[in-house]
Amino acid sequence: MRGSPLHQGPVPAQPGGPAALPWAVTAPPAQVARASTTAAPVGQFTSGQYTAGQFAPGPVRAVPALQPVGVQPSGVRAAVDQQVARELKRQVAAELHQQLSRLADGSGLEADRATRRQRGRALIEEAVARWSDAYAQTHGIPPTREQDRALSEVVYDLLFRAGRLQPYLDDPEIENILINGCDDVWISRVHQPLRQVPPVADTDEELIELLQDLARQHGGGERSLSTASPTLALRLEGGMRLQALTEVTPRPYVAIRRHRVASATLPDLVELGTLDSTLAAFLAAAIRARKNVMITGTQGVGKTSLLRAMAGEIPPDERIGTLESEFELWLHTLGHLKQVVPMEAREGNGERVDGRSAGELTIGELIPAALRMTLSRIIVGEVRSAEVVPMLRVMTNGEGGSMCTLHARAPHMVVDRIAELCLEYGAHMTDSLAYRLTANAVDLIVHVAMVDETAVGGRRHRFVSHVLEITGLGESGRPAMNTVFGPRPDLGEPRAVPHTPPQCLDDLRRTGFDAGLLQSPYGSWSAPLALRIGGVR
């Protein structure tokens, strides 16, 4: 596991003992108390000046290294001087550019990612070996193999991955990374509150450079971070999502979200406690019966994970399309569906033409093209704006079975939230037309909630709280809704349990759903949700 150490002040070496070596320093007790419990702290070796493609090492500073919070290395990794790593990265980048340019001139083809990384790895090993030899000649003590390997990995991360962010991206227990400037970094781990961790860059300018590197590596259109384009949204390796802001904020701000259940199925979500087996059977039948489903909830409650799991119930031979601002569903890589047409929106290049960003392609603009791809279903990762209108029209005019997610704080707010987004479509749109579109298009609303008790020593409980069936227009001109599943506060149960059989029950029975499952007021739960505050003890 990669680590990116936090260095404290110098510690005097003890003459004649192992601590005299710059990479074998024992931290004082106060510093050890803050260090990772899984690895002994070690020192760092330092850079000096960079001249003529070599490093002339400067004076040795023995500094204890602390493992960053959240990183659990399998073994001790030597601390790395970030100045050395950055200078080596620049050297290797220049050499790699020259090599790839010669390769392209000779073959007429651009090198692919695997080739760039393979050649880059070889150049990094050569550069580290040169630096290590220079260090040994100057100090009389060669760096260890582990230190050379650690330096190589840090340089590789800087050149091809996420630099000092990478250890946090590699830790599967970290759900969110929040950066408020280079030295104000916070993470949240599973069932733990936010916690501050070491800086991910020495300056805000270095942080912006890192974000610009990530944008160039993204390969998904003209994504950049600059004065002309002060916002950046992209996907990272492993399916994580990054949103960054600069210029419009005092410092660079970054938020990174991880989907920890990237390939979960409905049975997996039952094991996780998101829903019970009764509701899982109901939702699976709704997908097979081609019901249009909208999954709602606030940020971080698991809407995308539930959407991905429900998509796993689509018959594998169907041809579907996914539309997203950044790929998060990854249905085209999971292997269950044989034909998936994945579409990703494209950001503009910062220039404005006729009031919009040049080169921009929105989800709403992709939908007409998607309809010509002979798709049986369309899945929109998240409806945020006016694209809700073409999405509703797809649900109305298509074969059924389309899905999307939508941000809404409570299930009773969903209809008005849809109407608000519809009004962004144009001046001709009205509330009554938006309500009629919703009533004709959406069959089921599945609301996901979260109860966060980490502040009182508990955990985060994510679960489906409601399943609402839209049954047409009501007398007031608003969509009429039927609560099929919902909480039972009288029983201390906030999770969705059966309430009223849906009007579409016969359609579900034709796909194999057992209607008798809806007779239990407790669903399949063995006991109410165990909460520290509220609920039934």
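Which elements do the buried residues of α12 pack against? In this predicted model, they pack against β13 (293–297), α11 (363–371), β18 (377–383), β19 (403–407), α13 (414–423) and α14 (431–441). The partners thus include both strands and helices.

## Overall composition

The protein chain contains 15 helices and 23 strands. Of its 537 residues, 51% count as buried. When contacts between residues at least 6 apart in sequence are considered, 60% of them join residues at least 24 apart. The accessible surface of the protein chain is about 23,900 Å², and carbon and sulfur atoms account for 52% of that surface.

## Covered helices

Helix α12 spans residues 388–397 and is mostly covered, with seven of its ten residues buried. Those buried residues are Val 388, Val 389, Pro 390, Met 391, Leu 392, Val 394 and Met 395.

Helix α9 (residues 303–311) is largely enclosed by the rest of the structure, because nine of its nine residues are buried. The buried set in α9 consists of Lys 303, Thr 304, Ser 305, Leu 306, Leu 307, Arg 308, Ala 309, Met 310 and Ala 311. Lys 303 and Arg 308 are thus among the buried residues of this helix.

## Helix pairs

Two packed helices are described by the angle between their axes and the distance between the axes. Three pairs are set out below.

| Helix pair | Axis approach | Crossing angle |
|---|---|---|
| α2 (residues 82–107) and α3 (residues 113–139) | within 9 Å | roughly 135° |
| α3 and α4 (residues 145–160) | within 9 Å | roughly 135° |
| α13 and α14 | within 9 Å | roughly 120° |

The axes of α2 and α3 cross at roughly 135°, which makes α2 oblique to α3. The crossing of α2 past α3 is right-handed. On the α2 side, the contact involves Val 84, Leu 88, Gln 91, Val 92, Glu 95, Leu 96, Gln 99, Leu 100 and Leu 103. These meet Thr 115, Arg 116, Arg 119, Gly 120, Leu 123, Ile 124, Ala 127, Val 128, Arg 130 and Trp 131 of α3. By class, the residues of the contact of α2 with α3 comprise eleven nonpolar, four polar and four charged.

Helix α3 also packs against α4, and the axes of this pair cross at roughly 135°. The two helices are therefore oblique to each other, and α3 passes α4 in a right-handed crossing. From α3, the contact draws on Arg 116, Arg 117, Gly 120, Arg 121, Ile 124, Glu 125, Val 128, Trp 131 and Ser 132. From α4, the contributing residues are Asp 148, Leu 151, Ser 152, Glu 153, Val 155, Tyr 156, Leu 159 and Phe 160. The contact of α3 with α4 has eight nonpolar, three polar and six charged residues. Residues of α3 including Arg 116, Gly 120, Ile 124, Val 128 and Trp 131 take part in the contact with α2 and also in the contact with α4.

The third pair, α13 and α14, has axes that cross at roughly 120°. These helices are therefore oblique to each other, and their crossing is right-handed. Val 415, Asp 416, Ile 418, Ala 419, Cys 422 and Leu 423 of α13 meet Asp 431, Ala 434, Tyr 435 and Thr 438 of α14. The residues of this contact divide into seven nonpolar, one polar and two charged. Both α13 and α14 are also among the elements that pack against the buried residues of α12.

## Individual residues

Most residues other than glycine have a negative phi. Arg 290 has a positive phi, near 65°. Arg 290 is placed in the loop between α8 (277–288) and β13, and β13 is one of the elements against which the buried residues of α12 pack. Trp 330, likewise not a glycine, has a positive phi of about 60°. Trp 330 is found in the loop between β14 (319–324) and α10 (331–334). At 21% relative accessibility, Trp 330 counts as partly exposed.

Is Asp 213 buried or exposed? Asp 213 lies in helix α6 (residues 204–218), and at 11% relative accessibility it counts as buried, the cut-off being under 20%. Leaving aside residues up to four places away in sequence, Asp 213 touches Lys 89 and Leu 158. The C-alpha atoms of Asp 213 and Ser 224 are separated by 9.0 Å, and these two residues are eleven residues apart along the chain.

Key
Residues are numbered from 1 along each chain as its sequence is written. This is a predicted model: local features need pLDDT of at least 70, side-chain atom pairs count only at pLDDT 80 or more; totals for chains, interfaces and linings use all residues. Side-chain values use heavy atoms; hydrogens and water are left out. Helices (H or I, at least four residues) and strands (E, at least two) are DSSP runs, numbered from the N terminus. Buried means under 20% relative accessible area, exposed over 50%, partly exposed in between (1.4 Å probe, protein chains only). Contact means heavy atoms within 4.5 Å. Accessible areas come from the Shrake-Rupley method with a 1.4 Å probe; for residues, only the protein chains shown count as cover. Axes are lines fitted to C-alpha atoms, for helices over the stretch in contact, and angles run from 0 to 180 degrees between N-to-C directions. Angles under 35 degrees count as roughly parallel, over 145 as roughly antiparallel, 65 to 115 as roughly perpendicular and the rest as oblique. A crossing is left-handed if the near helix is turned anticlockwise from the far one by less than a right angle, and right-handed if clockwise. Ala, Val, Leu, Ile, Met, Phe, Trp, Tyr, Cys and Pro count as nonpolar, Asp, Glu, Lys and Arg as charged, and the others, Gly among them, as polar.
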